[in-house]
Amino acid sequence: MLYPYKNMNPNIHETVYVAKSADIIGNVEIDEQSSVWFQAVIRGDVAPTKIGKRVSVQDATVIHQSPNLPVIVEDDVTIGHQVTLHSGIIRKNALIGMGSIILDGAEIGENAYLGAGSLVPPGKKIPPHTLAFGRPAKVVRKLTEKDYEEMERIIQSYIEKGKYYKNNIG
């Protein structure tokens, strides 16, 4: 469901799939071929949230902000199930593993992979092209070609699922 907040309305590209049980509130922009899955909540009632092209925001994810700290998710990002993203920046082609928590001012680099269940503390930067994992998240290695292939497979599968659900399920 889309909700206005004060004079701010979500701006959702017409190709985006939004599950009926997802809630998107206020100053939120979502670009083409992205998808927002079941019971996800994206609140733009404190600062803006900008989500790029071909991003999947998976089931039960929560996205919110602190004052003057917007959420920025660049193109081709996968945000796994039950992620909490609070005033962070996710650079293009990154993958955020399920159950991870990303806190204010943290940044996940381009083509980075954050392992499931990780905690990225406020202000921490995960470098591009690395796998980071843990609580707190630490870089464990550089990504391999196999990692990049799997990340691309996931992006493409959610683009296709989003199209299917939008056209066949509603």
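Two strands count as paired when DSSP finds at least two bridges between them. Keep that in mind for strand 6. One caution before I start: this is a predicted model.

Strand 6 and strand 9 meet that criterion. They pair in the parallel sense, over three bridges. For a landmark, find threonine 49: this residue stands opposite valine 71 in strand 9.

Now the other partners of strand 6. Strand 8 is one of them. Two bridges join strand 6 to strand 8, and the two run parallel. Here isoleucine 42 stands opposite isoleucine 63 in strand 8. Then there is strand 4, residues 23-30. Seven bridges link strand 4 to strand 6, which covers residues 41-51, and again the direction is parallel. On that side, aspartate 23 faces valine 41 of strand 6.

Next, one residue in detail: glutamine 65. Where does glutamine 65 sit? In the loop between strand 8, residues 62-64, and strand 9, residues 71-73.

Is glutamine 65 buried or exposed? Buried. Its relative accessible area is 2%, and the cut-off for buried is under 20%, so glutamine 65 falls within that class.

What does the side chain of glutamine 65 reach? Take threonine 49 again. The side chains of glutamine 65 and threonine 49 make a polar contact at 2.7 Å. The glutamine 65 side chain also reaches the backbone nitrogen of valine 46, at 3.5 Å. For polar contacts the limit is within 3.5 Å.

The wider contact list leaves out residues up to four places away in sequence. Glutamine 65 touches Arg43, Gly44, Asp45, Val46, Ala47, Pro48 and Thr49. It also touches Pro70, Val71, His86 and Ser87. Note Thr49 and Val71 in that list. Those two stand opposite each other across strands 6 and 9.

Now zoom out to the whole chain. It has one helix and 20 strands. The radius of gyration is 15 Å, close to the 15 Å that the globule rule gives for 170 residues, so the chain is as compact as a globular protein of that length. Along its principal axes, the C-alpha trace spans about 40 × 35 × 20 Å.

Burial and surface next. Of the 170 residues, 45% are buried. The accessible surface comes to about 8100 Å², and carbon and sulfur atoms account for 54% of that.

Last number, on contact range. Take contacts between residues at least 6 apart in sequence. Of these, 11% join residues at least 24 apart.

Technical notes. Residues are numbered from 1 along each chain as its sequence is written. This is a predicted model: local features need pLDDT of at least 70, side-chain atom pairs count only at pLDDT 80 or more; totals for chains, interfaces and linings use all residues. Side-chain values use heavy atoms; hydrogens and water are left out. Helices (H or I, at least four residues) and strands (E, at least two) are DSSP runs, numbered from the N terminus. Buried means under 20% relative accessible area, exposed over 50%, partly exposed in between (1.4 Å probe, protein chains only). A polar contact is a pair of N or O atoms within 3.5 Å; within protein, one must be able to donate a hydrogen and the other to accept it, and residues adjacent in sequence count only if both atoms are side-chain atoms. Contact means heavy atoms within 4.5 Å. The radius of gyration is taken over C-alpha atoms; the globule rule is 2.2 Å times the number of residues to the power 0.38. Accessible areas come from the Shrake-Rupley method with a 1.4 Å probe; for residues, only the protein chains shown count as cover.
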